[in-house]
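Hi everyone, thanks for coming. Let me put the structure up on the screen, and then we'll walk through a few spots together.

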Amino acid sequence: MSDSPLDTYPRPTARQHEPYQDSPAMTSPRRMNLNDTEPRLPSFRSSAGLFTTPEGVSKQRPSYEPMTLRFWIVCLGCVMLAAVGIGLEIALEICTNNQGFPLPRHTAFNPVRTIFLISYFPSMLFLSLALMIRSFDWSVRLWNPYLILSRGNARADETLLVDYVEPSRPFITLNALKFKHNFIFISGITALVATQLQPLAGCIISMRLLPVPFDSSVKTTNVMGLAPDIADLTMFSASAGFAVAAVANGLPDPPFINSSWVTAEFSFDQYIDLNGTVSVNTTAILTDTRCAVPNLLSFTPSNAGKLTVSATSTEGCSLEVAVDPTDAAQQYGVVNVPNCGANTTNPALQPVFFWFWQQNPSQLAGVFCQPIMHLYDVAATAYTSNKTLANVTVIRNYQGTNNVTGAPLNGVPYNGLIFEGSTDINVQSRANSIRTGIPNAIWMWAQKTPGGPDSVFRDPNGFVSYTTRTYTRYLSMAAKSNYFVEANQSVPAVVTQLVMRIFIPRIPCHILSSICILTAATLLVLHFMHRRQRRNIRLAHNPGTICSAVALTWRSDFGELLMPYENEEQFSRRLASHRFRLDSSGAIVVDRSAMAETGEVSRPAFRDETRMGLVEKGQQQSGGDDT
């Protein structure tokens, strides 16, 4: 004896297995008397009368619902969607107030991890939400024919023949509009909108470098003062060499120099790895070469075959320079201008005059320069990566007293080109190299111009700009080396670090947030109404399998009208005059009561169509057997 629960069900009797005597299954269709006006055909019957519900199985059994149609699942999904939309707006507000979200500076991930995090995870999140919305839409489309059948009086073309699962989205929308299936149409709109979630997620996060300041302290390594070894001209020679190399190789300004500005050095090696700046209150020197073209410039040949260059500055200072044409076809140099400007006999503190001459074609140019320097207390900002000055802001004039502001310089800088004679051959060699190196660098600038030195000679101010640029760089370098002395003091500083921060763009965030919230509200209302509409559907299983299709239709009244080799157009023509519904067992049957009430087709007409369909099928089968 088996203890299976099926053994408790009443077994079918022999009568239940016997075919109906008037069933065409007992008589081959090809043997039917086609002249018989009253062929024996089965009467149409409700599927509820063909089987008996087993004892213990309630007729009011729970109806099957797909997981994605269960209302609590839909509510959970809508809450998730709304939470994401609201969370985006909250995150945008926090991002705006805090200037983005910080990223950890040192992590176990490689540098690619940031791009991976901001691109992969948002896309995966919204892809999951989009798939969830699509699954809700798929369930609504799958269930729609049964929803229409549960109301009764349903046409075949909007229930049995319609397919909302496989066709593409435009056909689904057209069919939904055609049959006024509002659930399908609205659900399709939500699924269409859901396709935009993932593309928008790709632009919901961006990264920016943002300056973040914090207080710190650094050590200043020198203060203003005259270098004790200034007389050996070592630092002047090194500065001149850098000025020449900068012209030849296009070198940038060295650390703590920015064009005409030079500041005291400060050490911040602890921040060398930072991508940012350090700001310190310190002292600085601003160099002004005050270069200008002469008011008068001429050259006259002498009896000895030499040329005498005569020049007069804008301040009335005059001088003459002898040039020997036989020395070179192109010549240049620099001389001091005595008895001009500051009343001093020291040639190292006097103005200078640069002269340039070429033989073919014969051209002459000259530039007067009278350098001065300004001393300030400044706020200097230097880059942590290379220590070059980013910005210098004047706070006030320098208030200190030392041997730069007082004796022996009294605030007047060395011209850096002309020095008093020395008996030390090394010092004198350095002086000679400096005197020839700087004019040579200026001539190199002129040679690099597109038109060469000729175009510079033709420009009245051509040599002024090149002289100012080269001479200023040289004097700034010389000031850094000669007007500051070593020191070791701790000073407060502001370190500004350029850190990578995550930002949320405002417009994509608003669009994505609106889509999430509106879609959540739409789905909630849609599925609430859909749940009420499908309360009369009593399906015991998932209707998506072949077994389910057989179980739902094998006891129906219309199956004998259809053949497997017919197409959908033939199906539609045969079923066009019929109406259908779901009976109490969940089976799909012909709704004869609705057809009788509307008068669309009478029972005899239905029987005649059935008879003619069977006769036609019998003839086709008979003809096939005879061949």
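Okay, let's start with Phe 266, which has a relative accessible area of 2%. Anything under 20% counts as buried, so Phe 266 is buried. I should say right away that this is a predicted model.

Now, what about Phe 256, buried or exposed? With a relative accessible area of 3%, Phe 256 is buried too.

These two belong together. The structure holds 17 aromatic pairs, and Phe 256 with Phe 266 is one of them. Their ring centres sit 5.0 Å apart and the ring planes are at 70°. An angle over 60 degrees counts as edge-to-face, so that's what we call this pair. As for where they are, Phe 256 is in the loop between α7 and β4, while Phe 266 is in strand β6, so the pair ties together parts that are ten residues apart in sequence.

Compare that with another pair, Phe 356 and Phe 463. Which way do these rings face each other, stacked or edge-to-face? They're stacked, with 4.3 Å from centre to centre and 10° between the planes. Phe 356 belongs to strand β13, residues 352-358, and Phe 463 to helix α10, residues 462-482, so here the pair ties together parts that are 107 residues apart in sequence. Phe 356 and Phe 463 are both buried. And they have company: Tyr 332, Trp 443 and Phe 457 join them in one aromatic cluster.

Let's zoom out for a second. How many helices and strands are there in the protein? There are 15 helices and 19 strands. The protein has 627 residues, and 42% of them are buried. Here's another number I like: take the contacts between residues at least 6 apart in sequence, and 74% of those join residues at least 24 apart.

Back to the helices, and to α10 in particular. Helix α8 meets α10, and their axes come within 9 Å and cross at roughly 135°. That angle makes α8 and α10 oblique to each other, and the crossing is right-handed. Who's touching whom? On the α8 side the residues include Ile 434, Ile 438, Ala 441 and Trp 443, and on the α10 side they include Phe 463, Tyr 466 and Tyr 474. You'll recognise Trp 443 and Phe 463 from the aromatic cluster. If you sort the residues of this contact by type, you get ten nonpolar, two polar and one charged.

Now follow α8, residues 425-448, to another neighbour, α7, residues 234-249. The axes of α7 and α8 come within 9 Å and cross at roughly 15°. Why do we call them roughly parallel? Angles under 35 degrees count that way, and α7 and α8 are therefore roughly parallel to each other. The crossing here is left-handed. From α7, the residues in contact include Phe 236, Ala 240, Val 244 and Val 247, and from α8 they include Ile 434, Gly 437, Ile 438 and Ala 441. This contact splits into eleven nonpolar residues, four polar and two charged. Notice a few familiar names there: Ile 434, Ile 438 and Ala 441 of α8 meet α7, and they also meet α10.

Last stop, the backbone, and a few oddities to click on. Which peptide bonds should you look at for cis geometry? One joins Asn 360 and Pro 361, with omega at about -5°. Pro 361 is in the loop between β13 and β14, so to find it, start from the strand that holds Phe 356. The other runs from Ala 407 to Pro 408, with omega near 10°. Pro 408 is in the loop between β16 and α8.

Then there are two residues other than glycine with a positive phi. For Ser 259, phi is near 55°, and this serine is in the loop between β4 and β5. For Lys 387, phi is near 70°, and this lysine is in the loop between β15 and β16. Buried or partly exposed, what are they? Ser 259, at 42% relative accessibility, counts as partly exposed. Lys 387, at 21%, counts as partly exposed as well.

That's my tour, so over to you for questions.

Terms used. Residues are numbered from 1 along each chain as its sequence is written. This is a predicted model: local features need pLDDT of at least 70, side-chain atom pairs count only at pLDDT 80 or more; totals for chains, interfaces and linings use all residues. Side-chain values use heavy atoms; hydrogens and water are left out. Axes are lines fitted to C-alpha atoms, for helices over the stretch in contact, and angles run from 0 to 180 degrees between N-to-C directions. Helices (H or I, at least four residues) and strands (E, at least two) are DSSP runs, numbered from the N terminus. Angles under 35 degrees count as roughly parallel, over 145 as roughly antiparallel, 65 to 115 as roughly perpendicular and the rest as oblique. A crossing is left-handed if the near helix is turned anticlockwise from the far one by less than a right angle, and right-handed if clockwise. Contact means heavy atoms within 4.5 Å. Ala, Val, Leu, Ile, Met, Phe, Trp, Tyr, Cys and Pro count as nonpolar, Asp, Glu, Lys and Arg as charged, and the others, Gly among them, as polar. Rings of Phe, Tyr and Trp (its six-membered ring) pair if their centres lie within 6.5 Å; planes under 30 degrees apart count as stacked, over 60 as edge-to-face and the rest as tilted. Buried means under 20% relative accessible area, exposed over 50%, partly exposed in between (1.4 Å probe, protein chains only).
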